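Biologist: I have a model open and want to learn how to read it. Where do we begin?

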Amino acid sequence: MSARKQASARTADRRRGVYMISVAAELAGMHPQTLRIYEARGLITPRRSPKGTRLYSDEDVERLRRIQELTTELGMNLAGVEKVFELEAEIERLRRRLRALERRAAQVEAELRAELERTRRALSTEIVPYQPQPRDLVPVRELGVTIPVERSYTRPTSNR
């Protein structure tokens, strides 16, 4: 099994509801009624058995402990905890999107590099290097020919 599949299987195991409310409450150090209140507020969503019994996963228990930490150690109220969870979820969504964009950018960069290399190869066989042609024109002075130049310039006279 690949590492990615193993990680996915571990994640699925952590999300599987296995603890009834009394066990989950004990693991999280809370009263079962507190778990019901958190569920009503939407802070936690346990799975349900076919008969409707709440089943909490390891992830749920960790989330309950996180709620406990935020409320008791940091003094947050439940509205603050909700906001923290919303922001954490948004950060995770943005991280996933950033990773996807980085993968796409790397893919586009590789495609551009390949296209650039194909273009270079194609052009290198079609382009003929420039060779300057010998000069057919020789400057007049080098031939020893003089060309007479007539100038008609008169100087203005001054009235002094």
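Modeller: We go from the overall layout to single residues. Keep in mind that this is a predicted model.

Biologist: Which elements does the chain have, and in what order do they run?

Modeller: Start with the count: six helices and two strands. Then read from the N terminus on: α-α-α-β-β-α-α-α. The two strands follow each other, with three helices before them and three after.

Biologist: What percentage of the chain is buried?

Modeller: Of the 160 residues, 16% are buried. Then look at the contacts with a separation of 6 or more. Residues 24 or more positions apart account for 49% of these.

Biologist: How do I read the way two helices pack?

Modeller: Take the angle and the distance between the axes. Helix H2 covers residues 21-28 and helix H3 covers residues 32-41. Their axes lie 8 Å apart, at an angle of about 95°. An angle of 65 to 115 degrees counts as roughly perpendicular, so H2 and H3 are roughly perpendicular to each other.

Biologist: Which residues make the contact?

Modeller: H2 brings Ile21, Ser22, Ala24 and Ala25. H3 brings Pro32, Leu35 and Arg36. By class, that contact has five nonpolar residues, one polar and one charged.

Biologist: Now a single helix. What span does H4 reach, and what is expected?

Modeller: H4 runs over residues 58-73, which is 16 residues. From first C-alpha to last it reaches 22 Å, close to the 22 Å expected at 1.5 Å a residue.

Biologist: Which residues of H4 are buried?

Modeller: First the general idea. An α-helix has 3.6 residues a turn, so residues three or four places apart point the same way. Now the case here. The buried residues of H4 are Asp60, Val61, Leu64, Ile67 and Leu70.

Biologist: What should I check at the ends of H4?

Modeller: At the start, find Ser57. A side-chain oxygen of Ser57 comes to within 3.3 Å of the backbone nitrogen of Glu59. After the helix, look at Gly75. Its phi is positive, near 75°.

Biologist: Is Asp58 buried, partly exposed or exposed?

Modeller: Use the cut-offs: buried is under 20% relative accessible area and exposed is over 50%. Asp58 has 29% relative accessibility, so it counts as partly exposed. Asp58 lies in H4. Its side chain makes a polar contact with the side chain of Tyr19, at 2.7 Å. Ala24 is 34 residues away from Asp58 along the chain, yet their C-alpha atoms are separated by 8.7 Å.

Biologist: Where else does H4 meet another part of the chain?

Modeller: Go to Thr71, which lies in H4. Leaving out residues up to four places away in sequence, Thr71 touches Met76, Leu78 and Val81. The C-alpha atoms of Thr71 and Val81 are 7.5 Å apart.

Biologist: Which residues does Leu78 touch?

Modeller: Leu78 lies in helix H5, residues 78-126. With the same neighbours in sequence left out, Leu78 touches Tyr38, Arg41, Leu43, Ile67 and Thr71. Tyr38 is 40 residues from Leu78 along the chain, and their C-alpha atoms are separated by 8.5 Å. Ile67 also appears among the buried residues of H4.

Technical notes:
Residues numbered from 1 in each chain as written. Predicted model: local features only at pLDDT ≥ 70, side-chain atom pairs only at ≥ 80, totals over all residues. Heavy atoms only, no water. Helix = DSSP H or I, 4+ residues; strand = E, 2+ residues; numbered from the N terminus. Expected span 1.5 Å × (residues − 1). Buried < 20%, exposed > 50% of the residue type's maximum accessible area, 1.4 Å probe, protein only. Polar contact = N/O pair within 3.5 Å; in protein donor to acceptor, adjacent residues only side chain to side chain. Axes fitted to C-alpha atoms, helices over the stretch in contact; angles between N-to-C directions. Parallel < 35°, antiparallel > 145°, perpendicular 65-115°, else oblique. Contact = heavy atoms within 4.5 Å. Nonpolar A, V, L, I, M, F, W, Y, C, P; charged D, E, K, R; others polar.
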